[in-house]
Amino acid sequence: MAWNGSAATAMAAALALLAVVAALRCDTAAAALPRLGHPAKSDGSLSLLVVGDWGRKGTYNQSRVADQMGKVGEKLNIDFVISTGDNFYDNGLKGVHDQAFEESFTDIYTAQSLQKPWYLVLGNHDYRGNVLAQLNPVLRKIDNRFICMRSFIVNAEFVDFFFVDTSPFQRKYWTHPGKHQYDWRGVAPRGKYIANLLENLDEAMKKSTAKWKIVVGHHTMRSVSDHGDTKELLKLLLPVLKEHGADFYINGHDHCLEHISSRDSPIQYFTSGGGSKAWRGVFQPNKDKLRFFYDGQGFMSLQLNQEKAQFVFYDVSGNILYQWTSSKTGHPQPSTYLDDEE
Ligand SMILES: *[C@@H]1O[C@H](CO)[C@@H](O)[C@H](O)[C@H]1NC(C)=O
């Protein structure tokens with residue numbers, strides 16, 4: 001059969017239609033969140049560090065924080081590191097060959113104890129660069145620690161970590177980007193992306209049988225520092241966390257260290273955003289219970305077993321600033337909460 005022009009056109013049209021149908025199905029089927037497994041230690045415990053808002057080529061005390069992370073990481077024999085986002089300032093990565101990847105990550109976090117998987121979410125500054133580059137697994141050929149995805153789950157046996165892509169929630173990045181450009185490829189339109197994400201998260205948290213449920217995002221839910229609370233997250237994300245008995249929400253975005261207890265649920269909020277530039281000098285209290293606030297640089301460790309979760313904050317010199325322990329009594333989490341804020 002002769003391959004004439006109109007047959008070729010028809011074939012191209014059919015293929016294009018198939019591609020559209022496939023894309024639509026992918027979209028609407030709300031594919032489950034990617035899930036990774038990470039083993040706990042043989043004694044049934046887990047140790048990790050949390051750092052956020054860091055990629056500044058070592059400046060603003062980033063290197064000092066990194067050195068202390070190395071020491072604490074060794075002492076606690078950590079299993080992995082969590083980054084709460086804003087991994088590369090000011091504008092994310094330009095491409096997969098951007099030198100900033102080595103200058104701000106590989107060449108900074110050099111300690112032996114930090115040669116573990118890093119699970120990273122994206123921050124708003126990452127969205128100002130080439131997001132697809134920062135999400136590209138090709139980066140693992142340069143440094144195999146770097147595991148960055150938009151929203152995903154890490155199951156560490158008795159703990160489930162739910163990593164949530166929070167930047168798209170912030171409405172002002174869409175409506176008032178100012179001089180910044182956000183790379184919304186694979187995200188826009190906002191409403192549909194958020195609805196899908198929340199549906200996936202709801203599904204995954206509902207199914208989770210882990211003893212501890214920990215949610216990690218870049219943006220604050222509750223914060224007394226510069227950015228303060230993120231209203232969109234309190235309205236859209238928090239109800240899912242309450243519904244499924246999340247224990248902790250861990251974030252960055254504000255360049256400080258904080259622990260705030262919710263007054264209307266058992267949720268504890270931890271900010272670990274002191275990876276480099278800090279000292280904003282802003283304090284704006286909210287209605288929840290502030291337990292700890294440090295405006296300077298530092299990081300957090302978290303040690304867990306079936307019964308206990310211990311949080312510790314450290315400064316640039318490795319001094320312990322604050323520690324807090326949560327215990328599981330074995331009783332099931334209450335499924336409803338007193339809501340005194342409505
Ligand atoms: C580095 O940390 C020290 C100790 O907290 C602090 O005095 C200094 O201002 C920090 N430097 C910067 C650039 O933030």
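# Notebook: binding sites, sheet and ligand shell

I began with H253, which I found in the loop between β9 (248–251) and β10 (257–261). The model I am reading is a predicted one. I then asked whether H253 is buried or exposed. H253 is buried, because 28 other C-beta atoms lie within 10 Å and 20 are enough to count as buried. Leaving out residues up to four places away in sequence, I listed G123, H218, H219, T220, H227 and G273 as the residues that H253 touches.

**First annotated site.** I looked up H253 in the UniProt record. The unreviewed entry gives a "binding site" at D86, N124, H218 and H253. These positions are spread over 168 residues of sequence, but they cluster in space, with a largest C-alpha distance of 8.3 Å.

**Second annotated site.** From the same kind of record I noted a "binding site" (unreviewed entry) at D53, D86, Y89 and H255. These four gather at one spot, because no two of their C-alpha atoms are more than 13.0 Å apart although they span 203 residues in sequence. I noted that D86 is listed in both places.

**D86.** I placed D86 in the loop between β3 (80–83) and α3 (100–106). D86 is buried, with 30 other C-beta atoms within 10 Å. Apart from residues up to four places away in sequence, D86 touches G52, D53, G123, H125, D126, H218 and G252. Among these contacts I marked H218, which the first annotation lists, and D53, which the second one lists.

**D53.** I found D53 in the loop between β2 and α2. D53 is buried, and I counted 30 other C-beta atoms within 10 Å of it. With neighbours within four places in sequence set aside, D53 is in contact with D86, G123, G252, H255, G273, G275 and S276. D86 and H255 in that list are also positions of the second annotation.

**Y89.** I located Y89 in the loop between β3 and α3. Y89 is buried, with 23 other C-beta atoms within 10 Å. Its contacts, not counting residues up to four places away in sequence, are G55, R56 and H125.

**Sheet.** Which strands make up the open sheet, and in what order? I read seven strands in the order β5-β4-β3-β2-β13-β14-β15, with mixed pairing. The edges are β5 (146–148) and β15 (320–327), each of which pairs on one side only. I noted an average twist of 20° from one strand to the next. Strand β2 (residues 46–51) runs parallel to β3, and four bridges join them. In this pair, L48 stands opposite F80 of β3. Helix α2 (residues 62–75) packs on the sheet and touches β2, β13 (298–304) and β14 (308–315). The direction of α2 makes about 175° with that of β2.

**Ligand shell.** I listed Y60, N61, A278, W279, G296, Q297 and V316 as the residues around the ligand. The shell holds four nonpolar residues, three polar and no charged.

**N144.** Last, I checked a position in the loop between α5 (139–142) and β5, namely N144. Is N144 buried or exposed? N144 is exposed, because 12 other C-beta atoms lie within 10 Å and the cut-off for exposed is 12 or fewer. Its C-alpha atom is separated by 9.0 Å from that of W118, a residue 26 places away along the chain.

How values were computed
Residues numbered from 1 in each chain as written. Predicted model: local features only at pLDDT ≥ 70, side-chain atom pairs only at ≥ 80, totals over all residues. UniProt positions renumbered as here; feature names shortened; annotations may be inferred. Helix = DSSP H or I, 4+ residues; strand = E, 2+ residues; numbered from the N terminus. Contact = placed C-beta atoms within 7 Å. Near = placed C-beta within 6 Å. Nonpolar A, V, L, I, M, F, W, Y, C, P; charged D, E, K, R; others polar. Pairing = 2+ DSSP bridges. Axes fitted to C-alpha atoms, helices over the stretch in contact; angles between N-to-C directions.
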